[in-house]
Amino acid sequence: MRVLVAGGTGYIGRHVVRELVLRGHDVSCVVRREAAVTEPLAGADVRCGEVTDLASVRAAVASQRFDAVVSCLATRTGAPADAWRVEHQANLNVLEVARSAGVQHFVLLSAICVQRPRLAFQHAKLAFERALMASGVAYSIVRPTAFFKSLAGQVPAVKRGKPFMVFGDGELTACKPISERDLARFLADCLEHPAKHNQVLPIGGPGPPVSPRQQAALLSELRGAPVPVRRVPVWLLGFIAALLGGLGRWFPGLAEKAELVRIGRYYATESMLAFDAAHGRYDAEATPSYGHDTLRDFYARVWSEGLSGQELGDHALFTKGNDT
Ligand SMILES: NC(=O)c1ccc[n+]([C@@H]2O[C@H](COP(=O)([O-])OP(=O)(O)OC[C@H]3O[C@@H](n4cnc5c(N)ncnc54)[C@H](OP(=O)(O)O)[C@@H]3O)[C@@H](O)[C@H]2O)c1
């Protein structure tokens, strides 16, 4: 297939490009900076264009024809305006250009958390999901649970003897983490399996769900001794978000910071599992599993090799600058 990838320079996008090239597809990527083009995009045709600007992305694609699009675009900041610009508008631009390029199928990397939307980026994602579903183009909307990188930030500090920080008692949330490689395979499968067309697809990694306490237990195994767990009250995040939100009325920069703290609070209190609305609870059984890579093996690798290549970004909540 001729596949156009948007967001191919990101954490998941780079693995998607590699997987599609490995499977023999003819892959083109729209990137905003040539500098972002790295070895994992090898084998793909790279085109420069600003996906946030319709004319620019149209010029980048020129008169090429494509069979399918995979979009792994995502805000890098989490700030509300950027979320709407990237998760909604840029995806709309890609969809419009894709339709004129003959695209029959659009695979969207979304997130399982949009099932209970409270944050700007979730509303932006949902607005694009709705536009995609109404577009007439076949869609596969992939909503993964947590990525491995989201659970990796504290590993180097724990290795140095620091406690593992949890919100509440460490059992408030759970997820079925998935590796970037397994998720890339799942996204590539969507192109090839008609049963995944016109579907919203929640997806997690293999094995049972893990809570933050269980993450600490995995790290205790690696350390060969119990890792101390330090509890952080959730109300602290609510308090900081309210404070920054209030001050944000006078200092707009603080309003953006308040949204980042709200994102942190959301992940401290909501599980990344399928939500059973009828019973008002998260349901691990209803969260499909895919792939082979386990969190235990991933932790062992980070324990010995560090966080290099994990691009924690907003997930670096409990990390220090020298933890790479
Ligand atoms: N982290 C988790 O645990 C988790 C769990 C479930 C779902 N998700 C979802 O997975 C998605 C992708 O995550 P990721 O970690 O792969 O993202 P990422 O590494 O931050 O990559 C984002 C991609 O979007 C591009 N992009 C961002 N802003 C742009 C702009 N203004 N103009 C043009 N391109 C722009 C980036 O290009 P550049 O390289 O040029 O910046 C990059 O290719 C997100 O939607 C997230 O919500 C995450």
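**Figure 1. G224, just after helix α7, in the predicted model**. G224 has a positive phi of about 80°. The helix before G224, α7, covers residues 212-223.

**Figure 2. Length of helix α7.** The 12 residues of α7 should span 16 Å at 1.5 Å a residue, and the expected span counts one less than the number of residues. The C-alpha atoms at the helix ends lie 17 Å apart, which agrees.

**Figure 3. The buried residues of helix α7**. P212, Q215, A216, L218 and L219 are buried. Viewed down the helix axis, these buried residues fall within an arc of 155°, so they line one face of α7. They pack against two helices, α5 (155-159) and α10 (295-305). The strands β7 (164-167) and β9 (229-232) also pack against them.

**Figure 4. Strand β4 between its partners β1 and β5**. Strand β4 comprises residues 68-71. A68 and V70 point one way, V69 and S71 the other way, and all are buried. Four bridges pair β4 with β1 (residues 2-6) in the parallel sense. Here V69 of β4 stands opposite L4. Four bridges also join β4 to β5 (residues 105-109), again parallel. In that pairing, V70 has V107 of β5 as its bridge partner.

**Figure 5. The shell around the ligand**. The ligand is surrounded by 24 residues. T9, G10, A74, A111 and S150 are the closest. By class, the shell holds 13 nonpolar, seven polar and four charged residues. Helix α1 (residues 11-22) gives the most to this shell, with three residues.

Key: Residues numbered from 1 in each chain as written. Predicted model: local features only at pLDDT ≥ 70, side-chain atom pairs only at ≥ 80, totals over all residues. Near = placed C-beta within 6 Å. Nonpolar A, V, L, I, M, F, W, Y, C, P; charged D, E, K, R; others polar. Buried ≥ 20, exposed ≤ 12 C-beta atoms within 10 Å, placed from the backbone. Arc of directions from axis to C-beta. Contact = placed C-beta atoms within 7 Å. Pairing = 2+ DSSP bridges.
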